[in-house]
Amino acid sequence: MSESLSLSQARRITLAAQGFADPRPGGATDLRHLRRVLRRLHLIQMDSVNVLQRAHFMPLYSRLGPYSPGLLERAAYRGPRELFEFWGHEASLIRADLQPLFRWRMARAHEFAWGNMRRIAVEQPDLVAWVLDEVRDRGPITAAEIEHDTPRDKEHWGWNWSVVKQALEWLFYTGQVTAAERTTSFARRYDLPERVLPAEVLAAPTPAPEEAFRALVELSARALGVAAEAELRDYFRLPVQPCRQAIAELAEAGVLRPVTVPGWRSAWLHHEARLPRRVGAATLVSPFDPLIWERGRTERLFGMTYRIEIYVPRPQRLYGYYVLPFLMGERFAARLDLKADRKAGELRIPAAWLEPGADPEETAPALAAELRRLAGWLGLTTVAAPERGDFAGPLASALRAGVTGVA
């Protein structure tokens, strides 16, 4: 690969690094397939929105196709743990073997944690100690279970978190407790790390912060293939100066190579990045997928301006509440607002939009096939006709031309 990349080359390098150029399993998936994806991504973002499917299940689907969500539950919440919850890129499931690389963040909680958490640690240390004792004696346990039994002040503040919840989140941020599992309502059950994480992970030495930053930047570069400095920093939400120093050291060691990409001020290429001749992807991508975390990067690489509109007032939304881009080959060809109507057993499409430059005759049947596949994975029996959008008509026709059980 030359030190000057075209946009197409940069896209294909990125998609290969993210696992979209890997062959999908031909049959049933197992932990080997899950591990292959996790070795590429290193972490998966979590989010409580469940209008379609919980966010952490979607990146695996986008790369593997239909798989058993129980595989991810098993890796995250059953021993031996292969994943653990912590603040990586927002709330995340992170490879358990990487836990030592995040101890700098735990140790610097007074600098990085949110204000209410820091305040509770400073102003009510006795409460924090009492909550830790409750977890030690009764864990795994939810915040609500502790709150139900505590005689202490239950006044709510901040994000309507009780003081008990804030104490638990402080303990979680500092690594004194971790998530043992999630309830059906997505609440954390907290427990001590020594009762959750593998012994070899806890026994691993704590690297110096500068060593951890170097390792995390290298993992970011590996996962992105080619990236600007801000994107290497954003992947694990690293501080500016330590990240910049790590990039310089990795460049000096030959791990990162400077490259030029049209429209980018500067970029770094991981020395093991692969450039496939083509990418044959045809899949929907979650708003929380690491492929599109950094919206400026998404626009430069794919020419797609993408914003999640969950928190935008309904009259001001351009595309919809929970919009997933459709990746076809190395470009995004469409975007859909989707909703799983579990009571009716139906995958609803409130809106469907074609991306500029995409071929509607080629995109519609591929997207219809993907929607049927997604509905089957979600346990839904039908796919409804799109309700609005400039691609609603062609997509509805493609859905009607497909298998039975389609509106």
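Here are some exercises on a predicted model, each with a worked solution.

## Exercise 1: The nonpolar cores

Find how many residues the largest nonpolar core has, and which residues have the most contacts inside it.

**Solution.**
- Step 1: Start with the count. The largest nonpolar core has 115 residues.
- Step 2: Now look for the hubs. L52, L371, L374 and L395 have the most contacts inside this core.
- Step 3: Pick one of them, L374, and list what it touches. Leaving out residues up to four places away in sequence, L374 touches L52, M58, Y61, L284, L338 and L347.
- Step 4: Check for another core. There's a second, separate one of 24 residues, and V259, V261, A267 and L291 are among its members.
- Step 5: Put this in context. In soluble globular proteins, nonpolar side chains tend to be buried together.

## Exercise 2: Helices α16 and α17

Work out how α16 and α17 are oriented to each other, and which residues meet between them.

**Solution.**
- Step 1: Know what to look for. Two packed helices are described by the angle between their axes and the distance between the axes.
- Step 2: Locate the helices. α16 covers residues 360-377 and α17 covers residues 392-400.
- Step 3: Get the two values. The axes come within 8 Å and cross at roughly 60°.
- Step 4: Turn the angle into a word. Roughly perpendicular begins at 65 degrees and roughly parallel is under 35, so α16 and α17 are oblique to each other.
- Step 5: Add the handedness. The crossing of α16 and α17 is right-handed.
- Step 6: Name the partners. From α16, A364, P365, L367, A368, L371 and R372 meet P394, L395, A398 and L399 of α17.
- Step 7: Sort them by class. The contact of α16 with α17 has nine nonpolar residues, no polar ones and one charged.

## Exercise 3: Two more helix pairs

For α8 with α10 and for α12 with α14, find the angle, the distance between the axes and the residue classes in the contact.

**Solution.**
- Step 1: Take α8 and α10 (residues 163-173). They pack at an angle of about 75°, with their axes 9 Å apart.
- Step 2: Name the arrangement. Angles of 65 to 115 degrees count as roughly perpendicular, so α8 is roughly perpendicular to α10.
- Step 3: Find the contact. L127, V128, V131, L132 and V135 in α8 meet V163, V164, A167, L168, W170 and L171 in α10.
- Step 4: Sort these residues. The contact of α8 with α10 has eleven nonpolar residues, no polar and no charged.
- Step 5: Move to α12 (residues 209-224) and α14. Their axes come within 9 Å and cross at roughly 75°, so α12 and α14 are roughly perpendicular to each other.
- Step 6: List who takes part. α12 gives F213, R214, V217 and E218, while α14 gives P242, C243, A246, I247, E249 and L250.
- Step 7: Sort again. The contact of α12 with α14 has seven nonpolar residues, no polar and three charged.

## Exercise 4: Backbone oddities

Find where the cis peptide bonds at P80 and P140 sit, then decide whether H42 and R237 are buried or partly exposed.

**Solution.**
- Step 1: Go to P80. The peptide bond from G79 to P80 is cis, with omega near -10°, and P80 is in the loop between α4 (69-77) and β2 (83-88).
- Step 2: Go to P140. A cis peptide bond joins G139 and P140, with omega about 0°. P140 is in the loop between α8 (125-138) and α9 (143-149).
- Step 3: Check H42. This residue isn't a glycine, yet its phi is positive, near 75°. H42 sits in the loop between α2 (31-41) and β1 (43-45).
- Step 4: Apply the cut-off. Buried means under 20% relative accessible area, so H42, at 1%, is buried.
- Step 5: Check R237. Its phi is about 55°, positive although R237 is not a glycine. R237 is in the loop between α13 (229-235) and α14 (240-252).
- Step 6: Apply the cut-offs again. Partly exposed lies between 20% and 50%, so R237, at 35%, counts as partly exposed.

## Exercise 5: T29

Say where T29 lies, whether it is buried or exposed, and what it touches.

**Solution.**
- Step 1: Place T29. It lies in the loop between α1 (7-17) and α2.
- Step 2: Judge its accessibility. T29 has 16% relative accessibility, so it counts as buried.
- Step 3: List its contacts. Not counting residues up to four places away in sequence, T29 touches P66, Y67, S68 and L71.

Technical notes: Residues numbered from 1 in each chain as written. Predicted model: local features only at pLDDT ≥ 70, side-chain atom pairs only at ≥ 80, totals over all residues. Heavy atoms only, no water. Core = buried A, V, L, I, M, F, W, Y, C linked by side-chain atoms within 4.5 Å. Buried < 20%, exposed > 50% of the residue type's maximum accessible area, 1.4 Å probe, protein only. Contact = heavy atoms within 4.5 Å. Axes fitted to C-alpha atoms, helices over the stretch in contact; angles between N-to-C directions. Helix = DSSP H or I, 4+ residues; strand = E, 2+ residues; numbered from the N terminus. Parallel < 35°, antiparallel > 145°, perpendicular 65-115°, else oblique. Left-handed = near helix turned anticlockwise from the far one by under 90°. Nonpolar A, V, L, I, M, F, W, Y, C, P; charged D, E, K, R; others polar.
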